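User: I would like to go through this model by way of its side-chain pairs, its sheet and its core. Please keep the answers short and end each on the value or name asked for.

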Amino acid sequence: MRDFLLRLVAARSPATEEQPAVRVLSEELVALGFGVTTDDWGNVIGTLRLGAGPVVLVDCHLDTVEVTDPDRWSRSPWGEVADGVVYGRGTVDMKSALAAAVYGAAALPAGLRGTIVVAGTVCEELVEGPALSRVLEQVRPDVVVIGEPSANRLMLGQRGRAEVNIEVIGRSSHSAYPAAGVNAAEVMADMITAVRDLEFPQHPDLGPAMIALTNLKSEPYPNVSVLPDRCVATYDRRTVLGESAADVLEPLRALGEGIARKAGGRVAVELARSSFTTWTGVDVRTESFAPAWCVPATEWPAAQVIQGFEAAGMDARPGYYQFCTNGSASAGRHGIPTLGFGPGDPGRAHTTDECIALDDLYLGAHGYAVLLQALLAAEIGQSAPEQL
C-alpha cells in the first residue's frame with residue numbers, strides 16, 4: 001500500500017492531466033482483482049463484485065493542485081518517505097485515501113455480499129461534482145463514500161459553494177469631468193459595502209452560510225484620466241442545507257439593482273461558469289454551484305458505520321467537512337446517501353511539504369475495511385463489524 005501511494009504521488013496529475021495517475025490506479029486495481037474501465041471523461045471505475053447486495057461507491061479524485069514552489073519543499077514533492085512520513089503533492093488530497101480505499105476493499109473477509117466500486121475521478125480541483133455525476137450515471141450506487149481527508153473520522157456533510165460574478169456597467173468619461181460619467185468601480189464599492197450587511201442562514205451542524213470577496217477588476221485597466229465603465233467582482237458564497245442557486249442570487253440581484261439604478265448604471269449577477277477539457281478531450285461547461293448536504297447520524301448509512309467504528313475501537317465521533325467536496329453531486333444533486341472518510345490532516349492539503357504519516361495511512365485502510373463491511377450485506381450468522 002505504501003509503494004502504491006508512492007507510485008500514485010510520482011504520477012503527476014494536475015487537473016486535466018490525470019492520465020499518468022489513471023494508468024497507475026488501473027494497473028493496481030487489475031492486480032487486486034477489480035474489473036476496470038475508463039469512461040469518456042477519463043474517470044477510472046474499478047468494480048469488485050461480491051454477489052447480490054448493496055452497491056457502495058468510493059469516490060477519490062485523481063487530480064491535484066499544481067506544485068508552484070518545489071524549491072521550498074524540504075522533501076520531494078513527487079514522493080519521499082522519511083521518519084515514517086510520506087511527503088508529496090496529493091498525499092493528503094487525496095491519493096492516500098485512494099490507496100487506503102483500494103487496499104481496505106481488497107482486505108475484506110469472505111462472506112460479504114454486494115458490489116464495491118472505487119472511482120478515481122478527474123478535475124475536482126476545478127469544480128466539485130460534475131465528474132462524479134458522470135460516474136453516477138454509469139454506476140447507480142446505493143451509497144457513496146467521499147474520500148476527502150478527515151483525519152480518519154466519519155464525515156456526515158458539508159456546506160455548499162457558489163461562485164458568483166457581479167458585473168457593474170457604468171459610463172466612461174474623462175476623470176476631470178466625473179459627473180459626466182458613471183464610475184463602475186465606485187458603484188461596485190457601494191455594492192461591496194452593502195453586501196457586508198446581508199444576513200445569511202445558519203445550520204446547527206454545518207455552521208453559518210457566508211460570503212467572501214475573492215476577485216475584483218475594473219476596466220479599462222490600466223488607464224489614465226478615464227473613469228472605468230465596467231467592474232467585476234467575484235464572490236465565494238458558502239451555502240447551508242436547502243439553499244438553492246436562486247437563494248444565492250436573488251438577494252444580491254435585488255441589492256445590486258437598487259444601488260446601480262441610483263447611480264445611473266446597470267448590474268448583472270450570475271453564477272460563474274467553469275470550462276475545461278478533460279485529458280480524454282471532453283469539453284465540459286458547467287455552472288459553479290455545489291449544494292450543501294448532510295445525513296443524520298442515527299439513520300442508515302451513518303448509524304451502521306458509527307456502530308462498526310465503535311466495535312473496531314476507532315474514533316466514532318462524526319464530523320462535518322469545512323470545505324466543499326464531490327458529495328455535492330452525489331448527495332446534493334442526486335439525493336444518494338453519502339458519507340466522507342479519509343486519512344490525513346485536511347489542513348495539510350494544498351500546502352508546501354504536504355505529507356501524511358504512514359500510521360495514518362494504515363489506519364485509514366483499516367477504517368475503509370470496517371466501513372465497507374458495515375455497509376455491505378453479510379451472510380446469515382456473520383457479525384460484520386466485529387470481524388475486523
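**Salt bridges, sheet and core**

Analyst: A starting point is the salt bridge in which the side chains of R273 and E287 meet, at 3.8 Å from N to O. The model is a predicted one.

User: In which strands do R273 and E287 lie, and how many residues apart are they?

Analyst: This pair links distant parts of the chain. R273 belongs to strand β16 (residues 273-277) and E287 to strand β17 (residues 283-287), and the separation is 14 residues.

User: Is R273 buried or exposed?

Analyst: The cut-off for exposed is over 50% relative accessible area. R273 has 52% relative accessibility, so R273 counts as exposed. Its partner E287 has a relative accessible area of 41% and is therefore partly exposed. For R273 the class is exposed.

User: T286 is also in strand β17; is T286 buried or exposed?

Analyst: Buried means under 20% relative accessible area. T286 comes to 18%. Leaving aside neighbours within four places in sequence, T286 is in contact with V127, P130, A272, R273 and S274. At 18% relative accessibility, T286 is therefore buried.

User: What is the N to O distance in the salt bridge between R161 and D236?

Analyst: R161 is in strand β10 (residues 160-169) and D236 is in strand β14 (residues 230-239), 75 residues apart. R161 counts as buried at 14% relative accessibility, and D236 counts as buried at 17%. Their side chains meet with an N to O distance of 4.0 Å.

User: Which residues do salt bridges with shared partners join into one network?

Analyst: The count of salt bridges in the model comes to 18. R161 and D236 form one of these bridges. The network joined through shared partners consists of E128, R161, D236 and R238.

User: R75 and E80 meet in a salt bridge; which class of accessibility does E80 fall in?

Analyst: The side chains of R75 and E80 are 3.3 Å apart, N to O. R75 has 30% relative accessibility, so R75 counts as partly exposed. With 26% relative accessibility, E80 counts as partly exposed.

User: Which residue in β5 is the bridge partner of E80?

Analyst: β4 pairs with strand β5 (residues 85-87) in the antiparallel sense, over 3 bridges. In β5, the bridge partner of E80 is Y87.

User: In the open sheet with the order β4-β5-β22, which strands stand at the edges?

Analyst: The sheet has 3 strands and its pairing is antiparallel. The edge strands each have a single partner strand, so one side of each is left without a neighbour in the sheet. From one strand to the next, the twist averages 25°. The strands at the edges are β4 (80-82) and β22.

User: What angle does helix α3 make with β22?

Analyst: Helix α3 (residues 91-106) packs on the sheet and touches β5 and β22. The angle between the direction of α3 and that of β22 is about 45°.

User: Which residues touch the most other members of the largest nonpolar core?

Analyst: The largest nonpolar core has 55 residues. Helix α9 gives the most to this core, with 10 residues. A second, separate core has 23 residues, including I166, C231, A233 and L271. In the largest core, the residues that touch the most other members are L25, F309 and L371.

User: Which residues do ring pairs link into a cluster?

Analyst: The contacts of F309, leaving aside neighbours within four places in sequence, include L154, M314, F341, V370 and L371. F341 is buried, and so is Y368. Ring pairs link three residues into a cluster: F309, F341 and Y368.

User: What is the geometry of the aromatic pair formed by F341 and Y368?

Analyst: The count of aromatic pairs in the model comes to 4. In the pair of F341 and Y368, the centres are 5.1 Å apart and the planes are at 80°. Planes over 60 degrees apart count as edge-to-face. The geometry of F341 and Y368 is edge-to-face.

User: Where does this pair place F341 and Y368 along the chain?

Analyst: The two residues are in distant parts of the chain, 27 residues apart. F341 is in the loop between β21 (338-340) and β22 (355-357), and Y368 is in helix α9 (residues 358-375).

Terms used. Residues numbered from 1 in each chain as written. Predicted model: local features only at pLDDT ≥ 70, side-chain atom pairs only at ≥ 80, totals over all residues. Heavy atoms only, no water. Phe/Tyr/Trp six-rings, centres within 6.5 Å; stacked < 30°, edge-to-face > 60°. Helix = DSSP H or I, 4+ residues; strand = E, 2+ residues; numbered from the N terminus. Buried < 20%, exposed > 50% of the residue type's maximum accessible area, 1.4 Å probe, protein only. Pairing = 2+ DSSP bridges. Axes fitted to C-alpha atoms, helices over the stretch in contact; angles between N-to-C directions. Contact = heavy atoms within 4.5 Å. Core = buried A, V, L, I, M, F, W, Y, C linked by side-chain atoms within 4.5 Å.
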